[in-house]
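Got your viewer open? Load the model, find the selection tool, and follow along stop by stop.

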Amino acid sequence: EEDMYRDAEEIEREKMLLCETSFSEHKLSVAPEMDIMEYCRKEWRGNTPVAKMMRKGYEAVSQKFASIRRVRGDNYCALRATLFQALSQATQLPSWLQNEDFTMLSENLLSKYDWIKQWQLKQKLGRKMGEISDEIKEYLILLRKKWQSISEIKGPIEKQEACDKVFKNEEEEYSLYEALKFLMLNTAIELYNDDKNGRRVPVFSWLLFARDTSSNPCQLMRNHLNHIGHSGGLEQVEMFLLAYALQYTIQVYRLYKYSTDEFITIYPNDPEKDWPVVTLITEDDRHYNIPVRMCEETKL
């Protein structure tokens, strides 16, 4: 009985420590890297079938990546992990960010689609149309500025430090997510119009607009994009949309799908050959972490 009591006390202390750690990391969007198998052992200690499968999944990932960076688990998680990886690997400004009309995107869309005035910015609801346009324009300019400055840094350590700095500045960070969400809306509108005009569109586009809650871009905005970061994260089909908006291939190790064909899932299924690749890890398709330090033999 005495041994059992001590075990319980130890467990309780551990819970308290985890709570304290979680609280102290509240402002830290992307935690420092740690050994991927050490992280796995801490997270999945039991002998349940799920724990065993997760350990096997992490072991498979560890053949390619040595470390993991834990991502803050709010409803911006998928956007945060993807953008962090894209910026930390950036060596040049993507062509779509170089477009002269890029910063005019909010004005151009609002002039065509009155319903976009229902766009909900984080903690700033009920704005007038002009105010929304100006705010989103600021976010798009910030995205271009950050991408440009980080891509120009040559040294890997300096580049990583600059990237970390962005994800420690809460105001800037959430502004960038709003920019990404608006780019997703713009891409959805383009795909929807292409399909209506008989042009070829990727399969995920049909799935995106086959949902009862998003049969057109207006519904997609109201019922899905407006909720990302507030009351929900990205669904699977929206991961495809994010990949298309950024023109990046998003490769995800889905650990709960270990030993199936879906263990490594690519968004989109048929990416353009020149699209850069970012890699994420998920245990449940809701929360995403970042694998880092690709193993030397993998690089070769």
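Here is a short tour of this predicted model.

**Stop 1: confidence.** Start by colouring the chain by pLDDT. The mean is 88, and 86% of the residues reach 70 or more. Now select residues 1-7: the pLDDT there is below 50, and beyond near neighbours in sequence this stretch has 0 contacts in the model. Residues 19-25 also have a pLDDT below 50, with 1 contact beyond near neighbours in sequence.

**Stop 2: helix 8.** Select residues 156-166, which make up helix 8. Which residues here are buried? Pick out Lys 159, Cys 163, Asp 164 and Val 166 and you have them. They sit on the same side of helix 8, because they cover an arc of only 155° around the axis. Spin the view to the other side of helix 8, and you'll meet Ile 157, Glu 161 and Lys 165, which are exposed.

**Stop 3: helix 9.** Next, select residues 170-196 for helix 9, and look for Thr 187 inside that range. Is Thr 187 buried or exposed? Thr 187 has a relative accessible area of 10%, so it is buried. Setting aside neighbours within four places in sequence, Thr 187 touches Leu 241, Tyr 244 and Ala 245, so show those side chains too.

Stay in helix 9 and click on Lys 181 and Glu 178. They form a salt bridge, with the closest N and O atoms 3.7 Å apart. The two are 3 residues apart in helix 9, which means about one helical turn separates them. Both ends are tucked away: Lys 181 is buried at 0% relative accessibility, and Glu 178 is buried at 2%.

**Stop 4: more salt bridges.** Side chains of opposite charge can pair when their charged atoms come close. The whole structure holds 17 salt bridges. One of them joins Arg 80 to Asp 74, with the closest N and O atoms 2.8 Å apart. Arg 80 is buried at 0% relative accessibility, whereas Asp 74 is partly exposed at 23%.

Then show Glu 107 and Lys 137, a salt bridge whose closest N and O atoms are 3.3 Å apart. This pair links distant parts of the chain: Glu 107 is in helix 6 (residues 105-112) and Lys 137 is in helix 7 (residues 129-151), 30 residues apart.

**Stop 5: a surface patch.** Finally, turn on the surface and select Val 203, Trp 206 and Leu 207, which make a nonpolar patch of about 340 Å². Val 203 belongs to helix 10 (residues 203-210), and at 53% relative accessibility Val 203 counts as exposed.

Methods:
Residues numbered from 1 in each chain as written. Predicted model: local features only at pLDDT ≥ 70, side-chain atom pairs only at ≥ 80, totals over all residues. Heavy atoms only, no water. Buried < 20%, exposed > 50% of the residue type's maximum accessible area, 1.4 Å probe, protein only. Helix = DSSP H or I, 4+ residues; strand = E, 2+ residues; numbered from the N terminus. Arc of directions from axis to C-beta. Patch = residues over 30% accessible without salt bridge, like charges linked within 9 Å, V, L, I, M, F, W, Y side chains within 5 Å. Areas by Shrake-Rupley, 256 points an atom, 1.4 Å probe, with all protein chains shown as cover. Salt bridge = Lys/Arg side-chain N within 4 Å of Asp/Glu carboxyl O. pLDDT = per-residue confidence, 0-100. Contact = heavy atoms within 4.5 Å.
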